[in-house]
Amino acid sequence: MKSVHAWSGRFCGWIDADGLFNQQGRHVGQIYRGIVYNENGNYLGELMEERLITNILRKDTHRWYGFFANPEPSKGSDDQITTEAAKPIPDGYEDFPDLATTRS
């Protein structure tokens, strides 16, 4: 299980077997070819330079099948919950949404 942060440096959760799990261990996203989709198949963002970021144009144009969320909470070590230095957000992008309290 690998911890993952947003472009702003905010801790987002963990990635395990292409699933994105928030801080509470809820399965809130699925990664397919580097793009993160929510349970309904809506685009959330993507992995870029090992961080999560959202392409503004793709929010309206990218969809996927969706997935059945794993009902069992899955989270890594609390020692991995850290904040990292922010990176400047490139043009056409915005910070990845906060999934800390997302419920399926």
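**Figure 1. The whole chain follows the pattern β-β-β-β-β-β-β-α-β along its sequence.** This is a predicted model, in which local features need pLDDT of at least 70, side-chain atom pairs count only at pLDDT 80 or more, and totals for chains, interfaces and linings use all residues. Residues are numbered from 1 along each chain as its sequence is written, and side-chain values use heavy atoms, with hydrogens and water left out. The chain has one helix and eight strands. Helices (H or I, at least four residues) and strands (E, at least two) are DSSP runs, numbered from the N terminus. The C-alpha atoms fill a box of roughly 35 × 35 × 20 Å, taken along the principal axes. Of the 104 residues, 40% are buried. Buried means under 20% relative accessible area, exposed over 50%, and partly exposed in between (1.4 Å probe, protein chains only).

**Figure 2. The largest nonpolar core has twelve residues.** They are V4, A6, C12, I15, L20, V28, I31, V36, L44, L52, F96 and L99. Strands β1 (2-6), β2 (11-16) and β4 (27-32) each supply at least two of them. A nonpolar core is a set of buried Ala, Val, Leu, Ile, Met, Phe, Trp, Tyr and Cys residues joined through side-chain atoms within 4.5 Å. In soluble globular proteins, nonpolar side chains tend to be buried together.

**Figure 3. L52 touches residues from several parts of the sequence, including V4, L20, V36 and F96.** Its other partners are H5, A6, W7, C12, E46, L47 and D95. Residues up to four places away in sequence are not counted. Contact means heavy atoms within 4.5 Å.

**Figure 4. Q30 lies in strand β4.** Q30 counts as buried, because its relative accessibility is 15%. Its side chain reaches the backbone oxygen of D18 at 3.0 Å. The Q30 side chain also makes a polar contact with the side chain of H27 (2.9 Å). A polar contact is a pair of N or O atoms within 3.5 Å; within protein, one must be able to donate a hydrogen and the other to accept it, and residues adjacent in sequence count only if both atoms are side-chain atoms. Beyond four places in sequence, Q30 is in contact with A17, D18, G19, I35, V36, Y37, W64 and F67.

**Figure 5. D18 and E49 have positive phi although neither is a glycine.** Most residues other than glycine have a negative phi. For D18, phi is about 65 degrees. D18 sits in the loop between β2 and β3 (19-21), and is partly exposed at 44% relative accessibility. For E49, phi is about 55 degrees. E49 lies in the loop between β6 (43-48) and β7 (51-55), and is exposed, with a relative accessible area of 56%.
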